[in-house]
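Subject: Structure handover

Hello,

Here is the structure you will be taking over. Please open it first, then read the notes below.

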Amino acid sequence: MTRPALVVHVLSDSFSEAWPGMAADADLALRTTATPPVDVDPTHGVVLLAAGGAESELLKAAEALRASSEVAFAAVAAAADHRLAAALVRAGAEEVFVVPADLERLRSWLQGCAERLRSRADRTRFATGEAGKYAFDGILGASGSLAAVLERVARIIPHGNVTVLITGETGTGKELIARAIHYHGPRREGPFVDINCAALPEHLLESDLFGHEKGAFTDASATKPGLFEMAEGGSIFLDEIGHLALPLQGKLLRALQERRIRRVGGVRSIAVDVRVIAATHVNLLEAVRAGQFREDLFYRLNVVPIQLPPLRQRRDDILPLARHFLGRFAAEYGVPLPRLTAAAERALLDRAWPGNVRELRNVVERTVLLASGTEIEPVDFEFTTAADGSAPDAGAPRLLSEIIARAVRDALAEAEGNKSEAARRLGISRPRLMRLLDPEPTPGTEEDGDA
Amino acid sequence: MRDAAPAPADDLGTLGAEARRLAGASAWRDVADLLLPHAERLAERPEIGVVLVEALVRTGRAREARQRVDALLPVLQARHDRASLRRGTVLRGAAAFSLGDLDEARAAFTQALEMARRDGDDALVARTMNNLGAVANIEGDQRGALALYKLAISAHQRVGDLRGLAECYHNMAISVRDLGQVEDADELERRSAEFARDAGLSVLVSIARMGRAELALRRGDPSFAEATARRVAAEFAAAGEPVREAAAHRLTGIACFQAGRFEEARRFLDSALARARTHGAVLHEAEALRSRAELFAGTGDHAAALADARSALGLFGQLRAKDDVAALLRWIDSLPG
């Protein structure tokens, strides 16, 4: 990555010895020019008009620069002239410095500019990286149902103000689609802010979304902006919108209609420029009929509905997804790429996948981490639910007492009832094993006649 | 246009540029080694003094950092160096946080946040919100912490700060875990690891994975926990992070315990304890003792369990970890006899 540039338009040679040090301090690449700089990229440079002793040329230079570029610039003079300074600021100069008196302020300004430029470059790089992660060719699916969804998503992406409602079961990739919409759209360099509307009590959710003023409630010791404000220029993803309390639904509706919000305890409304993407696994029409969701909000959200099919309706995608996850986790964990046997493939295809793609991902990751070889058999999956998604009869022990009891049982079974051998296998003494078997022995109990 | 050949900058300027380069690579010990011999001269260039303060905070010399930043802040104020003043203020908060003075930390972070917002310094807005979230979490206000972390996330995104995102998602995972939402916490640790990988920060990847190992224990998957913790322990060993390696050994020990392999559990917990003690990591020592106490209790050795629990209690008390002390006292009361 190239460093941002400090371009000094030298109207006089005064203080020229200062520029290299100033540029180095701010980590800027220095260029000097006797002619007006016309090719400075405003996202990658800053200009100083240096006129120690040639102040009469400053205003003309400033006006010429502003006419040709949006680049940030400041003027440097040898003598204070308030009228000139005011004119320069009106002409677009961010600052006017009188050197040598203002050298430290100038240094500080340059460092601030450099930070802003680097932040801007970092933001662009970040957005590009995220767009790569959420590229459509990364959302795997050969099935017709998903292809139709992706086609619809591609059509709405360029329209940065259109509200989107994504529906689907848990684990179908609603957030993935939301991020793809954001990072491929015109708001990609703005923030992507997400919140789960089911995760918080109503009053906390309201404060999180809309912010609060100091003193608005007992714990409000300082003013805090909400996520709508922090998402300015970007997108806000409202997950589980079906769980939003009715009073907050009204507030959200106003935000969508007026593009303004009011903080909790606040009196003034604040303009917000945010794209809203909402998601839910709840049937919102039924919720409307049941009086749990506002009809007007539903229609305001449902401008572009996107429905993600469950994995069981995308059976053609199960194996490609599984192989994708195998490759991904093999790379992450630095292990050889495992291969699914035909039996393993059948086992994956036979499952209902109630947890959808997320469940498949978790199963494959666990398998890659724990498998002892490169050929994956059905037994390697260690499913925690039955193929139809129901809970198995024998769950994994959860309580400590159950864990210990099972370990003791297993050790005794392996030792064919020999308690000394069982104790040895467990790495504990025989008396300790006896205490685990019978924490409060009754008087006169005889021990078994083993070694 | 004529490109100017770089003239030699003053030596403090050169020092500052080199310090910033090392700081950019997170080589904080090197930054401290470079600048400390010139510390007295840094009064001429207080903005470089701020870099030294950060190096001291990050290398565990919080007390010295606080002294130096207290001297620097008035100078920065007088010079109207707003950028350095903001950074110095947040570092004052960080030093106070390290020393356990949460009220002072919160006040400094809040002040820095106001300055950062006023001056449009998104990077610092992100960092201070993250820090305020950490304070809230330690005080037991997980929901307040999460609200702040979410705000920090958007600010980190604005400046494309991958490290900040990795750290913030990890912090969120801890708060969400403490609220009992294990699956959600796991998704957040995945996100943390993802950004850490994007940033090429392998230690942060390992930290996120260790978080996932702990979560696997909580959801009753000792196999996943053990495999992950063993892997992470090796990664920390290779990275020269003995204290974190101790933590990973502790998690491995707990996983072995959950799997019924008590001897192996004991070996890993002993190793965790020894490493923590060797490196003076009091919190890790306390946690290792607590875990070993649970192992002893689980295998019927209540005398050893009580001894370890009492030792852990003393250490948690030193750290003023009130919640840990209270929980451990309740656990001790529940032991037979």
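A definition first: the bend at a residue is the angle between two fitted axes, one for the seven residues ending there and one for the seven starting there. Please also keep in mind that this is a predicted model.

Helix H4 of chain B

The bend matters for H4(B). A kink of about 25° lies at B:Leu72. The proline B:Pro74 follows shortly after that kink. How far apart are the end C-alpha atoms of this helix? They are 25 Å apart. H4(B) covers residues 62–78, which makes 17 residues. At 1.5 Å a residue the helix should span 24 Å, so the expected and the computed lengths agree.

B:Leu72 is also one of the buried residues of H4(B). The others are B:Ala62, B:Ala65, B:Arg66, B:Arg68, B:Val69, B:Leu73 and B:Leu76. Their cover includes two helices of chain B, H3 (46–58) and H5 (82–98). After H4(B) comes B:His80, with a positive phi near 55°.

B:Arg82

This residue sits in helix H5 of chain B. Is B:Arg82 buried or exposed? The cut-off for buried is 20 or more other C-beta atoms within 10 Å. B:Arg82 has 20 such atoms within 10 Å, so it counts as buried. Leaving out residues up to four places away in sequence, B:Arg82 touches A:Ser108 and B:Asp119. B:Asp119 is 37 residues away along the chain, yet the two C-alpha atoms are separated by 8.2 Å.

Domains of chain B

The domain assignment splits chain B into domain 1 (32–119), domain 2 (120–199) and domain 3 (220–337). The C-alpha centres of domain 1 and domain 3 of chain B lie 35 Å apart.

Nonpolar cores

In soluble globular proteins, nonpolar side chains tend to be buried together. Here the largest nonpolar core has 167 residues. Which residues have the most contacts inside it? They are A:Phe228, B:Leu35 and B:Leu251. Setting aside neighbours within four places in sequence, B:Leu35 is in contact with B:Leu15, B:Ala19, B:Leu42, B:Ile48, B:Val51, B:Leu52 and B:Ala55. A second, separate core has 41 residues. Among them are A:Val8, A:Val10, A:Leu48 and A:Ala114.

Strands of chain A

Look next at strand E11 of chain A, residues 275–280. Six of its six residues are buried, so the strand is largely enclosed by the rest of the structure. In a regular strand the side chains alternate between the two faces of the sheet. Both faces of E11(A) are covered. On one side A:Arg275, A:Ile277 and A:Ala279 are buried. On the other, A:Val276, A:Ala278 and A:Thr280 are buried.

Which way do E8(A) and E11(A) run? They run parallel, and four bridges join them. E8(A) spans residues 235–239. A:Ile236 has A:Val276 as its bridge partner in E11(A).

E6(A), residues 164–167, also pairs with E11(A) in the parallel sense, over four bridges. In E11(A), A:Val164 has A:Ile277 as its bridge partner, and A:Ile166 has A:Ala279. Both faces of E6(A) are covered too. A:Val164 and A:Ile166 are buried on one side, and A:Leu165 and A:Thr167 on the other.

E6(A) has a further parallel pairing, with strand E12 of chain A (residues 304–307), again over four bridges. There, A:Thr167 has A:Gln307 as its bridge partner.

Best wishes

Terms used. Residues numbered from 1 in each chain as written. Chains lettered and ligands numbered in written order. Predicted model: local features only at pLDDT ≥ 70, side-chain atom pairs only at ≥ 80, totals over all residues. Expected span 1.5 Å × (residues − 1). Buried ≥ 20, exposed ≤ 12 C-beta atoms within 10 Å, placed from the backbone. Contact = placed C-beta atoms within 7 Å. Core = buried A, V, L, I, M, F, W, Y, C linked by C-beta atoms within 7 Å. Domains from an automatic or database assignment. Pairing = 2+ DSSP bridges.
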